[in-house]
Amino acid sequence: MKRPREAALKTPSDEALSHYRARRNFALTPEPAGGNEAGNDVGTQALYVVQKHWASHLHYDFRIELGGVMKSWAVPKGPSLDPKDKRMAVQVEDHPIAYASFEGAIPPRQYGAGKVIVWDRGLWRPLGDAGQGLRDGNLKFELQGHKLHGKWVLVRMKGKGEKQVPWLLIKEKDSFARASADYRIVDDLPDSVHGLADSATVPSKVRTSAASDAPAPTPQAAPSAALPARLAPALATLLAAPPRAPQAWRYEIKFDGYRLLARIDAAGIKLLTRNGHGWTERLAPLHTALASMRLPPGWYDGEIVVPNEAGVPDFGALQRAFETERIESIVYYLFDLPFFDGRDLRAMPLEVRRETLRETLKRASGTAHSEAVRFSESFDAGAESVLASACKLGLEGVIGKRFGSGYQSGRTSDWIKLKCGQRQEFVIGGYTDPQGSRVGFGALLLGIYGSHKQLDFAGHVGTGFS
Ligand code: MN
């Protein structure tokens, strides 16, 4: 995404932040004073952030970078993915860009006293002229964050003369829209994304491809690129419970082994660990098997395992294989293909990269290679059933990958892991009315006691009742 034009032309004036600064005593609050923003490293990207703010009333501060400041709205109920929900968004004072990464506690008796977390963060792109949209009170834009994606609109309500102008934040209809009856993103994803890697490096093409009716892209549509010498692998975020929206995810077995990337070019095959350590010599039989397959150049991503007698990947068996030099038993399950045949496939949707990988391995299987290199199949079934089957088989868990997502180095919410044997006790604090054909109740509202003995809302559970 390109930085909106207006943001590139203007620098923040002291006037733009005067309202912000007038309300705060920077000797007492940990919030940034702002100014000197030219020195920040936002590069050519325009930021957006949603900060969850436990002030006198819990609200969500929605901020977009424009004109050298963060234009800001306080959204009492937070964003909703349901286009039928019109969420009140009160425009508040411009904040400094540095505020976008602020997380902390504003001390008692200070303005906005209470805890602030970065609930979501990413890039935004205006659809049309952003300055015009703001002036007209109709700002259409696209978000590319950890939690919020796709098209949105901010519509100004009447009452232009008021000090704090009310707007409505509305999700526009696209493939990221969800009915609030089955998904409430503020409840289902309540936590901070502060520690997560940004999705900032993946072109917006990835997100929009899923939203349009355009035919699925082919790997030939990916940009040409030299094969990079190093590649940090994509990592999964551990979730305590499966996400909703089963159609948005593809599940694979979580292999209990070592992550291994294969860099293949004319000069040869390099086998590298997650941290870039060379294991080519250590895994000589695997190297030989891969070489015999004559795979096209690229970065191949997978995991090595040693199956136990039951055929289940066994970490202990893998370690023993190294100790006893019985490394012929190692199996390499490949699941992704970020670079392939002179092209950078990272911005391609997951399913395109995986189909390319599957076809490539199928073609190669005609040549003389052992069972040592395999494709990691995915399952379209819902998370609960895939996880239940995996656990029954004695597997460690499952990995979920967001349909349509690009390949991003580092930990993101596009790859998730669900582990077997995770348990948690909850307090049933209430229930919702039944929807549709349901009778009795809809979902149970669950709570969990927090560190200060207060009962915190943990989410709602609408399935699994007999
Ligand atoms: Mn606030």
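**Exercise 1. The chain as a whole**

What percentage of the 466 residues in the chain do buried residues make up?

*Solution.* Begin by noting that the model is a predicted one. Buried residues account for 47% of the 466 residues, where buried means a relative accessible area under 20%. Next, take the secondary structure, which consists of nine helices and 23 strands. Finally, consider the contacts between residues at least 6 apart in sequence: 65% of these join residues that are at least 24 apart.

**Exercise 2. The buried side of a helix**

Find which residues of helix α6 are buried, and work out where they sit around its axis.

*Solution.* Helix α6 runs over residues 284-293, and its buried residues are Leu 286, Ala 289, Leu 290 and Met 293. Because these residues cover an arc of only 95° around the axis, they lie on the same side of α6. The general background is that an α-helix has 3.6 residues a turn, so residues three or four places apart point the same way. The next step is to ask what covers these buried residues, and the cover includes the strands β12, β13 (268-273), β14 (298-305), β15 (331-340) and β17 (373-375), together with helix α8 (350-364). To finish, look just past the helix: α6 is followed by Arg 294, which has a positive phi near 50°.

**Exercise 3. The manganese ion**

Identify the residues that coordinate the manganese ion, and describe their spacing along the chain.

*Solution.* The coordinating atoms are ND1 of His 53, NE2 of His 59 and OD of Asp 61, at 2.1 to 2.3 Å. Read along the chain, these donors follow the spacing H-x5-H-x1-D. As a last step, check the accessibility of the two histidines, His 53 and His 59, both of which are buried.

**Exercise 4. The second largest pocket**

Describe the space in the second largest pocket and the residues that line it.

*Solution.* The second largest pocket holds about 470 Å³ of space. Its lining comprises 23 residues, and the closest to the pocket centre are Lys 254, Phe 255, Arg 259, Arg 274 and Glu 303. Sorted by character, the lining has eleven nonpolar, two polar and ten charged residues. Several strands contribute, with at least two lining residues supplied by each of β10 (234-238), β11 (249-253), β12 (258-265), β19 (397-402) and β20 (410-419).

**Exercise 5. Three residues and their surroundings**

Is His 460 buried or exposed, and what can be said of the surroundings of His 460, Pro 307 and Leu 238?

*Solution.* His 460 lies in strand β23, residues 455-461, and it counts as buried because its relative accessibility is 11%. Leaving aside residues up to four places away in sequence, His 460 touches Arg 184, Asp 187, Asp 188, Arg 244, Ala 443, Leu 444 and Leu 445.

Pro 307 is in the loop between β14 and α7 (315-323), and its relative accessibility of 29% makes it partly exposed. With the same omission of residues up to four places away, Pro 307 touches Val 312, Pro 313, Ser 329 and Val 331. Of these, Val 331 is 24 residues from Pro 307 in sequence, while their C-alpha atoms are 7.7 Å apart in space.

Leu 238 belongs to strand β10 and is partly exposed, with a relative accessible area of 41%. From Leu 238 to Arg 411 the separation is 173 residues in sequence, and 9.7 Å in space from C-alpha to C-alpha.

Terms used
Residues numbered from 1 in each chain as written. Predicted model: local features only at pLDDT ≥ 70, side-chain atom pairs only at ≥ 80, totals over all residues. Heavy atoms only, no water. 1 Å grid on protein atoms, 1.4 Å probe; cavity = no way out; pocket = protein on both sides within 12 Å on 5 of 7 lines; lining within 4 Å. Points joined across faces, edges and corners; volume = space filled by probe spheres on them. Helix = DSSP H or I, 4+ residues; strand = E, 2+ residues; numbered from the N terminus. Nonpolar A, V, L, I, M, F, W, Y, C, P; charged D, E, K, R; others polar. Buried < 20%, exposed > 50% of the residue type's maximum accessible area, 1.4 Å probe, protein only. Arc of directions from axis to C-beta. Contact = heavy atoms within 4.5 Å. Donors = N, O, S within 2.8 Å, 3.2 Å for Na, K, Ca; no water.
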